[in-house]
Amino acid sequence: MNGLLWLLVPGAPLLAVVLLLCAGPRRCAGWLWLSCLPALLLSLWPAEPLALPALWPGAQWAADDLLSRAWLGFSALLWACASRFAVTDIASTDHQQRFWLFWLLALLGNLLLVIAADAGSFYVGFTLMSLCAYGLVAHRRGPVPRQAARLYLQLAVVGEMLIYAGMLLRIHEAGGALALEAWRDTPTGAWTAALLLVGFGLKAGFWPLHVWLPLAHPAAPAAASAVLSGAMIKAGILGLWHFLPADDALLQHWSAWLLAVGAISALYGVALGLLQTRSKALLAYSSISQVGYLLVILALAWQQPAYREAAATLLALYAVHHGLAKGALFMGAGLSTRVRFQTWHWLCLALPALALAGLPLTSGAAVKLLFKEGIDAGNLAGWMFLLVIGSAGTMLLMLRLLWLMRASQRQANLPPMAGSQRLPWLLLCLMPVLLPWLWSPLRQAMLDSLPLYAIWAALWPALLALAIGLLVWKQGWQLPPRLRQLPNPARVASVRLMHLLHWPPVPALRKPLDERLWRHSERRWNRLWQVGTVATSAWIIVLLLMLGWLG
Amino acid sequence: MNATWTNLLPLGIVLSSLLPGLLIFTLREEQTRLRVALNLTGVLLKLGLVGLMLWGVARGLEFRFSIPFLPGGELVLQGDALSLQFVSLSTVLWLATTIYAIGYLEDAPLRSRFFGYFSLCVSATVGLALAGNLVTFLLFYELLTLATFPLVVHRGTPQALQAGRVYLTYTLGGGALLLMGVALLHSLTGSPQFSAGGYLLPLLETRTPSLILAFALLVGGLGVKAALLPLHGWLPQAMVAPAPVSALLHAVAVVKAGAFGIVRVVYDVYGVEPVQALGLHLPLLALAAATIIYGSLKALQQRELKKLLAYSTVSQVSYITLGVALMGPIAAVGALAHLVHQGLMKVTLFYCAGNFAETLGVHRIREMDGIGQRMPLTMTAFTLAALGMIGVPPTAGFISKWYLGLGALETGQSGILLVLVLSGLLNAAYFLPLIYRGWFATPKAPWPAAATARAGRPGWRETHWMLLAPTLFTAALALLAGILAGTGFSPLGWSQLIINREFDL
């Protein structure tokens, strides 16, 4: 197919921006989801790669392997559903035009970075997405969203600069080549890898770079949290995958540490998530936990270069699975505080929750099976406990999520769900069950997870968690008050930084010169030279000429 | 010398603004239409002539005008690729700024004086860009000082006079240093024409101390206008000038004249190899890096919008010096592209500051709360330009930073990457709060009604159209220069052409 079709991917959101500015949000907000359509279609029927030397030498857009296509597809689907969902979500707030503007630009950035086949396009998309997401987090009024958005932006800018430095070092290492293809085989230096890991890690949000996530997600509107957690933070993982080489001694050396970071992140997210009292904060911690798994996949691929092919597939499946399920859950969490749920709403909501916990017949079971194979391939039998604890923990987390959502349903006078929100939300809710049947790579993995022993392996951690949950419920245990209000050093540091930048403690370098003294000395200086101006000038010139002659 | 059109074209470009300027001085205050007509004729004529020369230079034609002036140093005006980069920038921005100034000074007193000196200032800038040897360069450099002083003190307030005095002290001192440097070099070899690779290589062995001294004098003299670290004091004070003057001062005329002079001295007088052999680039590099960081730190402390922009200029112009001092082709491309990019972005920022001040009386940063709702188009332009300053893709500033960073790595100066990152962070620290205030904060008081403001509604009528149109024009150029950087006609493409000739690639 014609490569120029790729222009539609960023072109459609741009067109939507123009439409928005001309027609205003009230008239066209309901149609903005259409701007994801070209990306979705191109992920199903990809066009030829498109080279764009007019942008910069080496610019290229394509999505030809499974990873890019899957990534593009789920990003477009999630953004489309969230766009439709957001219309009602923010209908009662001010500044809708501003919200939609940032929304569309962030969408544009996200799609661009997925179809980028060169570092320049990736960085452009990544930055656009990162900075514009600020507008989504800061959309609501009040100090809490403001603080959350400030922390987000501070870390985003720092991450941006680290990636900039890392990217330039990487281009230098690759001898000026920009194509991500070429970078795959270029060895990396320690500084480059460290800069990129921290820079992209700040976006991906694995422990210990996660600090902005639990603040930003509850502050943003539900649709924004859905795309933030479902699509945007994964851009960090995609960046690491593309920017760092496949087979590299240094990364192989570091992979044990990265595995550890991923594992800590996976467990930390669960532990802290269980302590949350707001459903969206809990989901944010769940994202930290899931990003930990994605980091483990990356580390496995670096540790076992032979495993990279399979790791790419697993990464794609995991991203699709988590992105769609988490999107549905965030929307559900937003809905639970605003509309009355009926029984079948609860059933639909349970699907993505159970899929995250890895229950059979869902996409979760399929990715978990592949994950196990990955750990086997890496000869890391000792790490298998991570999966078991992880899925039991995730199950507990999901139970607590449903519990919190039920608690928020207790308020009286909730209106019924609007039709415009029901459809996109339901579509996302059903995805974890439908997708394994619709999409062949996932179907194969899901069928492989159907034998009885595999079902049992997937089921018993969940049953264990269910039992623990029941026990807690029966006993009526509550969180100790001390654990409810955990200190948040990141927020404090962010506010301090803002104060520091507002009132930098730099004293004036010197006092302004006393005007009269200055004039006085100027006059004296003039008087000194009044006599013999010509002679002095002549002397200076002679001196200079002498100097020139001597030198 | 044969008077063919290629010989007369450089002179024509200088005269196309000089003559209208001199005519404007003779006009009475109320002859507004004639003055505007003269201004616009000059601008359009110059634009046409520069376009003609661009076409010629791209095809390899030579443009050279010379008359005898000093023994060993003729008065030479020549159009090469490097001078055209600067000439095109000043011509395009002169067009925008003239329109802006007509709108800005509507009904203000002393307009004939203002526009007269304004035209002289541009003539001096263009002459300086076209200067073919050091003597001619010096001549126009001094003329520029004299032509800009009346613009800085135009308002006549005590503050403006004070700033003018400081400006004159600094620039005349710098001019004296430059004069000594030029005289020293002239005494050594005369003043031959600027040539790629320099003309001082034969003297390298025999006259080392003189060459080092001359370089120090030249950079000292040029550093005053380029606002290098200890010599930058005049720039933040000079921001009391009217907005169009500040815009032109910071984007093209004065500051850039210094930076452009440094480019000329390093590439076309000394040449890359002699500078490296003498080890002169390292102090220059350190100075530029220190200025970049210092300017950003000072900008962070400012409470007034124009002062913040002034310190930001101190920092950003040194990117050019930094790129030159890195002594590699990639960094040089970045430096020359930044010459244009910084001009486009900074002129936009000053236009916006002028629009805020003229329309709503907003001078201080804290008064900018919620201004995006009242003046969305101006604020959009401001946002684009500020993001460019930070170096956010796909704006023009990102392209400069990209090439400067790659150039630093190419020449093995990895530490400079740290300077660029730090500068980016500091730029973000003082520009992002402004953007936040403009779009996200709520205004403290309702905006003044249409009586005091120039026009009423947000949107196309948010301010006088003559103030709005140049702002949007330059903002669009700054964005396009970044997005279409890969094309041959972008500033980056042209810089590549210059550097290919300069480094013989």
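## A tour of chains A and B

In this predicted model, begin with the two domains of chain A, whose centres, taken over C-alpha atoms, are separated by 23 Å. To colour them, select residues 1-150 together with 213-242 for domain 1 of chain A, and residues 246-478 for domain 2 of chain A, as the domain assignment gives them. Where the two meet, 30 residues of domain 1 of chain A are in contact with 33 residues of domain 2 of chain A. On the side of domain 1 that touches domain 2, the elements giving two or more residues are helix 4 (66-89), helix 10 (213-219) and helix 11 (222-243) of chain A. Select helix 4 of chain A next, since the largest share of that side, 14 residues, comes from it. Colouring this side of domain 1 by residue class will show 22 nonpolar, five polar and three charged residues.

**The core**

Which residues touch the most other members of the largest nonpolar core? Select Ile115(A), Val137(A), Tyr152(A), Ala216(A), Ile297(A) and Leu298(A), which hold that place among the 396 residues of the core. Although these six belong to chain A, the element that gives the most to this core is helix 14 of chain B, residues 329-360, with 19 residues. Within chain A, both domain 1 (1-150 + 213-242) and domain 2 (246-478) give residues to the core, so it lies between them. For a closer view, centre on Ala216(A), which, leaving aside its neighbours within four places in sequence, is in contact with Val137(A), Ala148(A), Ala149(A), Tyr152(A) and Leu228(A). Two of these partners, Val137(A) and Tyr152(A), were already in the selection of residues that touch the most other members of the core.

**Between the chains**

Now show both chains and select the residues of chain B that face chain A: 32 residues of chain B are in contact with 30 residues of chain A. The elements of chain B that give two or more residues to this side are helix 6 (158-189), helix 7 (208-225), helix 12 (281-301), helix 17 (396-410) and helix 18 (414-439). Helix 18 of chain B gives the most, with eight residues. By class, this side of chain B has 24 nonpolar, seven polar and one charged residues.

**Backbone details**

The remaining stops are in loops, and they are best viewed with the backbone atoms shown. Most residues other than glycine have a negative phi, and most peptide bonds are trans. Select Trp207(A) and Pro208(A), which are joined by a cis peptide bond with omega about 0°; Pro208(A) lies in the loop between helix 9 (190-204) and helix 10 of chain A. In chain B, a cis peptide bond with omega about 0° joins Pro393(B) and Pro394(B), and Pro394(B) is found in the loop between helix 16 (376-390) and helix 17 of chain B.

Return to chain A and select His95(A), a residue other than glycine whose phi is positive, near 55°. His95(A) has its place in the loop between helix 4 and helix 5 (96-115) of chain A. Is His95(A) buried or exposed? His95(A) counts as buried because 20 other C-beta atoms lie within 10 Å, and 20 or more is what the term requires. Finish at Leu361(A), again a residue other than glycine with a positive phi, near 70°, in the loop between helix 15 (343-357) and helix 16 (363-377) of chain A. With 18 C-beta neighbours inside 10 Å, Leu361(A) counts as partly exposed.

Methods: Residues are numbered from 1 along each chain as its sequence is written. Chains are lettered from A and ligands numbered from 1 in the order in which they are written. This is a predicted model: local features need pLDDT of at least 70, side-chain atom pairs count only at pLDDT 80 or more; totals for chains, interfaces and linings use all residues. Domain bounds come from an automatic or database domain assignment. Two residues are in contact if their C-beta atoms, placed from the backbone, lie within 7 Å. Helices (H or I, at least four residues) and strands (E, at least two) are DSSP runs, numbered from the N terminus. Ala, Val, Leu, Ile, Met, Phe, Trp, Tyr, Cys and Pro count as nonpolar, Asp, Glu, Lys and Arg as charged, and the others, Gly among them, as polar. A residue is buried if 20 or more other C-beta atoms lie within 10 Å of its own, exposed if 12 or fewer, and partly exposed in between; C-beta atoms are placed from the backbone. A nonpolar core is a set of buried Ala, Val, Leu, Ile, Met, Phe, Trp, Tyr and Cys residues joined through C-beta atoms within 7 Å.
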